[in-house]
Amino acid sequence: MALQIVYLPLQLAILLTMAPLINGIIKKIKAFTQKRKGPPLLQQYYDFIKLWHKTPVVSKTTSAFFLMTPYVVFAASLAAGLLVPAYYAIAPDNFPADAIVMVSLLALGRFFMMAAALDPASAFGGMGSSREAMISALIEPSILVCLFTAGIASGSTDIPLIFSAAAMGKISLLTPFGFVTFLAIFTAFFAETARIPVDDPATHLELTMVHEAMVLEYSGRHLLLMEYGAAIKQLILLMLMAGLFLPFGFYSMAVALLVFPLKILLLAVLVAIAEVATVKLRLFSVPNLAAIAFIMSVLGFLQFFMSGESHG
Amino acid sequence: MIGITAKGLLESALGLYFAAAIVSLVFQKQPKAGVAACNMLCMVASVCCGAGALMVLLARAPLAGYSGFQFAVPFVAVSLQMDKLSAFFVLCLAVVVFCVSLYAMGYTRRVISQRSNGVYGFLYGLFIISLLWVLTAENTLFFYIAWEMMSVLSFFMVAWHADKAENKKAATTYIIMTHLAAAFLLAAFLMLYQHTGSFSVFADSSGMSAEVKNIVFLFFIVGFGTKAGILPFHIWLPYAYPAAPGSISALMSAIMSKTAVYGVVRFVFFNLEIGQTWWGALLLIMGLLSAVLGSAYAFVQTDIKRLLAYSSIDNIGIVFMGLGISAMSHTAGNHTGAFIGMVASLFHSFNHALFKGSLFLSAASVETAAKTRDMNRLGGLIKTMPRTGVLLLCGGLSVAALIPFNGFVSEWMTYRAIFTAVTIQSEGLNILYLVAIAGLAMTGALAVAAYVKLFGIVFLGKPRSAQAEEASEVSPAMIVANGLLTAMCLMVGVFPVTIIQIISKIAMDLYPSNPMIPVQTSSWYQPVSFTVSVDKIAPLLAIFALISILTVTILLILPLAKNRPVRRCVTWDCGYPKLTPSMQYSATGFSKPIVIVLRMVFRPLRKKTVTGSHPYHPQGIDYDTAAYSFVETNLYKPFTRAVYSAANRMQSIVQTGSVRRYLGYIFFLLLLLMAYNRMVP
């Protein structure tokens, strides 16, 4: 019980400190495969500190909504992060952290980001918004079907309960349905976090912008909050995958402390390898990718009922 | 309390609405006084019937049926009743009518001033009376009469601006479809009478055979589905809702579609009692198709009210999905799922009335201020109409089912209903539930996109036309009325427990044999647990986390903001200096990616003509794109074409205009009837 009071500060600390590190790791691996040294691992932190000190330049065309959006995006991401416990052992009892609430909080951030992109009256913002509308409409079904499959396997859509069911072996990468569901969530990850093959986070070319187009007009502390929100969202999805499919060291706090960063590191390496191994898809080939993710999630759902898991 | 009963309140509400209608006619020559008096009487009447409904809902016993007065026509009694189900929808009606009447005080004078305000108010009062009668009728024939009255009065409202061709088409489509649907309803009621022997709404239908029940169910679905706007009976809705005046569209979308939901719940669930699994599956599939296609079509619209109309189809689809899940769970023996499904769908109806009412009122405000509904001509309105902008934003957040508004809680409950319904036994049905989850997720994402488009293109950015530049904020009555509905959306979103407890009582009436539902009604702020697991109802933790993080972040940044205030400059746009309003995304362009991806559904037509001496040096490009409703083209147009061609042929063969031939028809028919009479004793 005493440990549970530590949950909130520990979770906040993990989210805020580890989120920028993921981008650094992925960039280092990408640079390594391209025979470059790449930026330092802590570059994202340096960028954030720099942005903190800069004066934001805001367009005259925009309204208070534009200024409000970075705060809402950041708060929504962080609030969603509080619902995905990194260390289950210290999650409070009866913790109402429903998976659908988490998805809805991330959707709140997305709503504000998409709408605020239209405020500066530039062509880039509308472009990013309309593309994001298309991509999110096609990816959301896969994510929700996967979460539902995990929920059915564990008997509830509560995230801590799903994680504990995974630890008990009800959801495992070694089973067919677990593996296919992992592939589906992994594919959807790239759409949600705007990575290759859906969107290129390192470029500002019109052809390749979705997320970058929406944050184009932000600068200074506003850009800091938007980027931080995106990084936290990425970390949340990685934590979700880690909790669902790599539930080692679940019950003992000491082991978990050691193993959690390794899990996240492993998943980040996987993401980087996948990014390096593919190219950015043409925009209207993204529906094909979304269809693949959806079919895999449906297969996972059906597989759960076909195999002996549902009767075990 | 000197004998204030629910019955008394309901009767006084009806009387006051009638008085409002008459007063409006009387003060025809003084529009200001007439409008104010009519709407204030309506507001008082709404308070009365709302209070009456609350009395019934919070009390133990329902209001028993009673007769107002008997007509000379046999079998038809003006008898009213208000049990918990009716009271719930009457409460819904009271809240929305109160706000719409307040809105109309500011709106009517500016818009209806060309025509007669008096007649408008008269029709309005009678329309509300017909809505109340539909919800509280105890006699099915009286229900039918009130239903027809409701349809005809709303037809007059839809046809109010019939000088425009599109409105004429809208009104014609509406009246024909709703009348056809009402015919199905009448057939169903008559069949019910034939097999149960009574015209009461509470008739006991356990004696009916399964085949008859199936037919009656299908007739009810056609009849109520048309009014609710469920695929494939929805085609009148996107034309009729935009054509009606602003406050009437709000009333139609918020309340009239709920009468259809009330009808389905009353007659199919309470009366007929779900017989077979395919009933629930049909409801679920129709709801799912309406939800997905409704939100997809909503996203591609460029007319504000048509977007809201398709979005209504979407939300009523979600309500029907809940009903379908409830029915399917009931037949599978899963009482928890049935209970949660019913509560989710009734709650979503209530929420939809609130936020759709608010959205249509905002749309009417925009139309009044900017004189246009075309999103391609609007933009930047948040600078000149900030309050309406905030209200539209909140309404949009509610529809998109985002925390902390009410749309989220009911959609969350629908997800949970599906989750509870997926059991190990019903293996074949699980595929249907899987499709339902995927469909609900897709419609959620499309709804977010549609309302981002609505808010972003209309209110943000730069004005795309002179009309948008000259728009100014609307009158305070309109803002306050809209604000009331929006505030209720927020309140229900943060504290949904009271409403859910009320709805639970209704669902318990329906599924009384529920041993495992401990509806713990502890304190008003405590979440209600439906099952024995740890699921909670209200996303209070999430809202609390969101607000506290926001506050802390703003407090942390405040000192920094003082040192480094924001510097204003032109939009960067990657360095392009001369941005014009036409360079921002238009409403059509915003939805283009989805139109391309879903082109099998939308079948877009595109016409591009390039003028100029040489194709490489164009002088101008004329680009025309249109997407049309495939249900209308492939289902209804062939049918109407067949009817027209049959009628034309009939005209040349049968209806020749010759009196002698007509006399011959009469003579022949008489002979036939006499022979029939002789043969059949």
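Accessible areas were obtained by the Shrake-Rupley method with a 1.4 Å probe. On this basis, chain A of the predicted model has an accessible surface of about 10900 Å², and carbon and sulfur atoms contribute 72% of that area. For chain B the corresponding surface is about 27400 Å², with 67% belonging to carbon and sulfur atoms. The model as a whole scores ipTM 0.94 and pTM 0.92.

Chain A contains 11 helices and one strand. Read from the N terminus, two helices precede the strand, and the remaining elements are helices, in the order α-α-β-α-α-α-α-α-α-α-α-α. The radius of gyration of chain A is 19 Å, close to the 20 Å given by the globule rule for 312 residues, so the chain is as compact as a globular protein of that length. Its C-alpha trace spans about 60 × 45 × 40 Å along the principal axes. Of the 312 residues, 67% count as buried. Among the contacts in chain A with a separation of 6 or more, 79% involve residues 24 or more positions apart. The chain carries 18 positive and 16 negative charges, and the mean positions of these two sets lie 10 Å apart.

Chain B comprises 25 helices and five strands. For its 681 residues, a compact globule would have a radius of gyration near 26 Å, and the value of 27 Å found for chain B agrees with this. The C-alpha trace extends over about 95 × 70 × 60 Å along the principal axes. In this chain 56% of the residues count as buried. Of the contacts between residues at least 6 apart in sequence, 80% join residues at least 24 apart. Chain B has 46 positive and 24 negative charges, whose mean positions are separated by 7 Å.

Confidence in chain B averages a pLDDT of 85, and 91% of the residues score at least 70. The lowest mean among its elements, 54, belongs to strand β1 (residues 63-70) of chain B, whereas helix α14 (residues 386-399) of chain B has the highest, at 95. Over residues 515-535 of chain B the pLDDT is below 50; this stretch nevertheless has 41 contacts in the model beyond near neighbours in sequence. Where pLDDT is low, the predicted coordinates should not be read in detail.

Several backbone features merit separate description. Most residues other than glycine have a negative phi, and most peptide bonds are trans. In chain A, a cis peptide bond joins Ile196(A) and Pro197(A), with omega about 10°. Pro197(A) is located in the loop between α7 (176-192) and α8 (211-214) of chain A. Ala121(A) has a positive phi, near 60°, although this residue is not a glycine. Ala121(A) occupies the loop between α4 (99-117) and α5 (123-154) of chain A and is buried, with a relative accessible area of 0%.

Chain B also has a cis peptide bond, between Ile403(B) and Pro404(B), with omega about 0°. Pro404(B) belongs to the loop between α14 and α15 of chain B. Ala401(B) is likewise placed in the loop between α14 and α15 of chain B, and has a positive phi of about 60° without being a glycine. The relative accessibility of Ala401(B) is 8%; this residue is therefore classed as buried, the cut-off being under 20%.

Three helical residues of chain B were examined individually. Ser253(B), in helix α9 (residues 246-272) of chain B, is buried, with a relative accessible area of 0%. Beyond its neighbours within four places in sequence, Ser253(B) contacts Tyr241(B), Lys258(B), Ser312(B), His352(B), Lys356(B) and Phe360(B). His335(B) lies in helix α12 (residues 335-370) of chain B. With a relative accessible area of 23%, His335(B) is partly exposed. Its C-alpha atom is separated by 15 Å from that of Phe270(B), a residue 65 positions away along the chain. Met413(B) is part of helix α15 (residues 406-421) of chain B, where a relative accessible area of 2% marks Met413(B) as buried. Between the C-alpha atoms of Met413(B) and Phe668(B), which are 255 residues apart along the chain, the separation is 63 Å.

Conventions
Residues numbered from 1 in each chain as written. Chains lettered and ligands numbered in written order. Predicted model: local features only at pLDDT ≥ 70, side-chain atom pairs only at ≥ 80, totals over all residues. Heavy atoms only, no water. Helix = DSSP H or I, 4+ residues; strand = E, 2+ residues; numbered from the N terminus. Buried < 20%, exposed > 50% of the residue type's maximum accessible area, 1.4 Å probe, protein only. pLDDT = per-residue confidence, 0-100. Contact = heavy atoms within 4.5 Å. Rg over C-alpha atoms; globule rule 2.2 N^0.38 Å. Lys, Arg positive; Asp, Glu negative; His and termini not counted. Charge placed at Lys NZ, Arg CZ, Asp CG, Glu CD.
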